[in-house]
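Biologist: I'd like a close look at one part of this model, and then a bit of a tour outward from there. Could you walk me through it?

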Amino acid sequence: MTMANPVTSEWPAPDAPILKINGVPGRFSDGLQGECFFQEPMGGWRPAVDDGLYAIEEQCVRLHDDLADRIFGGLETYYARLPFVPSFLAQAGLNSEAKVSRDDFEQFLTMFADMPDLYKFLYLYDTRMLVSAIQECTKEVSQLTGEFYRILNLEPFFTPGIEQEDGVRWSTSPQVTMLNSTLGFLFIRLHSLLDYLAKLAREVEELHSEFKSYPKLRCTNFLFGDRKRLRLDKAGTLFEACDEVSEIELIRNLLIHDGLLDDMPKAYEIIKDGKAIERFLLMPDRINGQFERFKNRKLFYGGEDKINERLAGLVRSFMARQVTTLVQIRSKLVPSLKTV
């Protein structure tokens, strides 16, 4: 049995869908104009306007080396020792490739107690785990954004084949549930990135320099809410007060602690001549970074804030600040690094 190569001369087909922020798809033959998403050969959806994913990946790759350079006092020393490092140091307790129990791990450490720089390697891989979490979560955010627009554009909100009257209608269905849950999870993962970045910044600012024993990460109990304690330059980063962070914190806290963005998650369509000419989701009204509120009521929709019209831009702005944040973190490891 052979597998088809996803990259062929027929990709992309002229009639391949292009996802639009208004929820009505176009075709690839029409070109990639404005805010839209196209499907990659592997099946993911990427924005036509760069969302900063690759710039973040570049900074993270450099951070892996920056950490090794600082912890080992030079990359030459690190790479000279690397061929003699047992794989369990980089995997056990960190990923599923190591089928090692906690007790096994402790025994292995005793067996390798005389290994040069044992504790440096353990600490390096622990700090790199913070960077890897940022890399993977950023990929999730990018893919969740594409998935949100895929559902908005391509999934039927109402039973297919049933004629719809012209006007504005709302629907709730399994597809609409997935659309809303994708949006909610996206905000939650954006907030996860805030915590991960704060942890990494904290660790870099107080990086261990003595390794007489296996050191504990200094950032273990450090979260985004503790960011005022960070000393790095916060201008342009996610650690300064900004609209992106205010909205992400507000929505995330509602979803985690209080409930949903709507009593019955729904999606709207504007129907004309029996066809949808626009699809959208609404967000509650906000003022000064907080929900408009009257006693127990805080989900008002008078402003008709269509989140799909600005979600791609919100993620892009977040990621631009994330790049600046990572550069500032790297500057603590590499003082000569230009941060502007």
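Biologist: Take the open sheet formed by four strands: in what order do the strands come, and is the pairing parallel or antiparallel?

Modeller: Sure, and keep in mind that this is a predicted model. The order across the open sheet is E2-E1-E3-E4, and the pairing is antiparallel. That puts E2 (26–27) and E4 (45–47) at the edges; each has a single partner strand, so one side of each has no neighbour in the sheet. In general, strands of a sheet pair through backbone hydrogen bonds, and they can do so parallel or antiparallel.

Now zoom in on E2 and its partner E1, which covers residues 17–20: the two run antiparallel and are joined by two bridges. If you want a spot to put your cursor, go to Ile 18, which sits opposite Gly 26 of E2.

Away from the sheet, have a look at the surface. Glu 163, Glu 165, Asp 166 and Asp 273 make up a negative patch there. One of them, Glu 165, belongs to the loop that links helix H5 (118–154) with strand E5 (167–171). Its relative accessibility is 71%, and since the cut-off for exposed is over 50%, Glu 165 counts as exposed.

For the opposite case, try Thr 325 in helix H8, which spans residues 311–333. Thr 325 counts as buried because its relative accessibility is 0%, where buried means under 20%. While you're there, check Ala 201: along the chain it is 124 residues from Thr 325, yet their C-alpha atoms are 8.8 Å apart.

Terms used
Residues are numbered from 1 along each chain as its sequence is written. This is a predicted model: local features need pLDDT of at least 70, side-chain atom pairs count only at pLDDT 80 or more; totals for chains, interfaces and linings use all residues. Side-chain values use heavy atoms; hydrogens and water are left out. Two strands pair if DSSP finds at least two bridges between them. Patches are made of residues with over 30% relative accessible area and no salt bridge: like charges are joined within 9 Å, nonpolar side chains (Val, Leu, Ile, Met, Phe, Trp, Tyr) within 5 Å. Accessible areas come from the Shrake-Rupley method with a 1.4 Å probe; for residues, only the protein chains shown count as cover. A salt bridge is a side-chain nitrogen of Lys or Arg within 4 Å of a carboxyl oxygen of Asp or Glu. Lys and Arg count as positive and Asp and Glu as negative; His and the chain ends are not counted. The place of a charge is taken as NZ of Lys, CZ of Arg, CG of Asp or CD of Glu. Buried means under 20% relative accessible area, exposed over 50%, partly exposed in between (1.4 Å probe, protein chains only).
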